[in-house]
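Reader: I am new to this structure and should like to understand the terms used to describe it. Please explain the reasoning behind each one.

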Amino acid sequence: MPLMHVLVLGAGLLGVSTAHFLRQLGHEVTVVDRQSAAAAETSFANGGQISVSHAEPWANPGAPWKVLKWLGREDAPLLFRLRADPALWRWGLQFLRECTPGRTRHNIEQIVRLGTYSRSTLQALRAALGLQYDQRTQGILHFYTSLSEFNAAEAPAAQMRALGCERHVISADEAVRIEPALTHARPQLTGATYTSEDESGDAQRFTRALASACAAAGVRFLFNHQVTALRTVGGALDHVEVTDATGRYQRLRADATVLALGSWSPLLAQPLGLRLPIYPAKGYSVTLPVADATAAYQTSLTDDEYKLVFSRFTTPAGPDGQPGEDRLRIAGTAELNGHARDLNPVRCAAIVRRVEQLFPGAGDLSRASYWTGLRPATPSNVPLIGASAVPGLFLNTGHGTLGWTHACGSGKSLARLISGLAPEVDFDFLGRAAGPRVYPAPAAPARTSAVHRQG
Ligand SMILES: Cc1cc2nc3c(=O)[nH]c(=O)nc-3n(C[C@H](O)[C@H](O)[C@H](O)COP(=O)(O)OP(=O)(O)OC[C@H]3O[C@@H](n4cnc5c(N)ncnc54)[C@H](O)[C@@H]3O)c2cc1C
């Protein structure tokens, strides 16, 4: 296997995990990010779930009706804002095509296979490097407050079991036995599903710990560097144009380049004629210090009705006198409305109201921190991993709702593909003989001095 210099664009979950596995295979690796630290954008404050067994994509046969019902509702779990944005309408049409039973089944299989591989890769990495990121390995409990939704839970649970996941339908009383903090909410509960093998943990702490390990192993990080363009010569990637912290332009050249810029990946790929089907889906999270440890949940939870996930991050006090921390993270909702990251107070209030309703007194609301992040969502929820149509450019992007769940498996698989090694999981990687999914744009407009791929 020839050793190469590989540029990784983006220091989120996907960029850093790719950099780690590339370095492990012996390559020289440089990571570029516009922020001053790893995991400062979408990987900053997500829901924390490693949820292999709750992998139903947004696009499913019931979705079109639900999306229509939610149109214009500010607190809707999935809000499609009607605006004059051709990328949004294109994405919406592709989303509808993914809602057939056949496409949904195919997408679930892809997502679960990658998720199962990714979770075991994360576990091996955690053990090998001794990573601490407030992980909890006591499963995920998905609870229902609507009888009809609970009655419909058996079919997806059976499908997950057929794919090798342990997902069991349980009664409301069993749910409270697993998570006693649900006692207060017991009258509203209609039932639950439980997946003991799933996990949770703070994605930002993980990414930063892994980035430190990468730096110690010789990976070079260029923070405060903005990627301004990808330039091709003769149809192949030639160099990456960046501005550094002082605003000076630089050209970065490597043998291979990985695009892992999350929701910004399509904007950089488009001038090369690559139309990546990724649209930003804005989500919210609220982080609260624990106020009453006995009222706070221990198990990672999913609230089916409000489409919210709940994780608890407990950091023990450090040996050097560093104080410990105990935090509740609640995350969810999706709004398709471009790249804006403004906080909508209606959405923030809806999340806090639900937390208080379910777990009164558990979190300190006076010290709540609110956050939004832009999930790089594909219409199918299946990420884009592998070689693009531009020689020298690889993709590891479009992980949508499951970027934390899929990070380690995606990073390891792409590092192996770039190295000419077979991936260890059966997945539709880009540019491979079985089911290549390459996204050329029709007639990309000619711009600046770059050589463009048309059609
Ligand atoms: C509210 C919410 C809850 C979520 N909950 C979960 C969950 O429970 N489980 C789960 O599996 N997933 C979850 N996710 C999804 C997960 O967080 C994302 O899929 C993942 O963070 C995407 O990682 P990324 O590396 O692709 O993108 P990012 O983390 O956004 O990384 C991209 C990097 O590229 C950099 N960048 C962008 N443009 C440029 C440029 N021009 N020049 C230089 N640098 C640039 C950015 O600074 C950033 O660091 C959630 C997401 C949200 C928003």
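Author: This is a predicted model. One may begin with helix 1 and helix 11, whose crossing is right-handed.

Reader: Which residues make the contact of helix 1 with helix 11?

Author: Helix 1 contributes Leu 13, Leu 14, Ser 17, Thr 18, Phe 21 and Leu 22. On the side of helix 11, the residues include Gly 403, Trp 404, Ala 407 and Cys 408. By class, the contact has 10 nonpolar, five polar and one charged residues.

Reader: Why is helix 1 called oblique to helix 11?

Author: The axes of helix 1 (residues 13-24) and helix 11 (residues 403-418) come within 8 Å and cross at roughly 40°. Angles under 35 degrees count as roughly parallel, and 65 to 115 as roughly perpendicular. The crossing angle fits neither range, and helix 1 is therefore oblique to helix 11.

Reader: How many aromatic pairs does a search of the whole structure find?

Author: The search finds 11 aromatic pairs.

Reader: What makes the pair of Tyr 297 and Phe 359 tilted?

Author: The ring centres of Tyr 297 and Phe 359 are 5.1 Å apart, and the planes stand at 55°. Planes under 30 degrees apart count as stacked and over 60 as edge-to-face, so the pair is tilted. Tyr 297 and Phe 359 are 62 residues apart in the chain.

Reader: How do you know whether Tyr 297 is buried or exposed?

Author: Buried means under 20% relative accessible area. Tyr 297 has 0%, so Tyr 297 is buried. Phe 359, at 2%, also counts as buried.

Terms used. Residues numbered from 1 in each chain as written. Predicted model: local features only at pLDDT ≥ 70, side-chain atom pairs only at ≥ 80, totals over all residues. Heavy atoms only, no water. Axes fitted to C-alpha atoms, helices over the stretch in contact; angles between N-to-C directions. Helix = DSSP H or I, 4+ residues; strand = E, 2+ residues; numbered from the N terminus. Parallel < 35°, antiparallel > 145°, perpendicular 65-115°, else oblique. Left-handed = near helix turned anticlockwise from the far one by under 90°. Contact = heavy atoms within 4.5 Å. Nonpolar A, V, L, I, M, F, W, Y, C, P; charged D, E, K, R; others polar. Phe/Tyr/Trp six-rings, centres within 6.5 Å; stacked < 30°, edge-to-face > 60°. Buried < 20%, exposed > 50% of the residue type's maximum accessible area, 1.4 Å probe, protein only.
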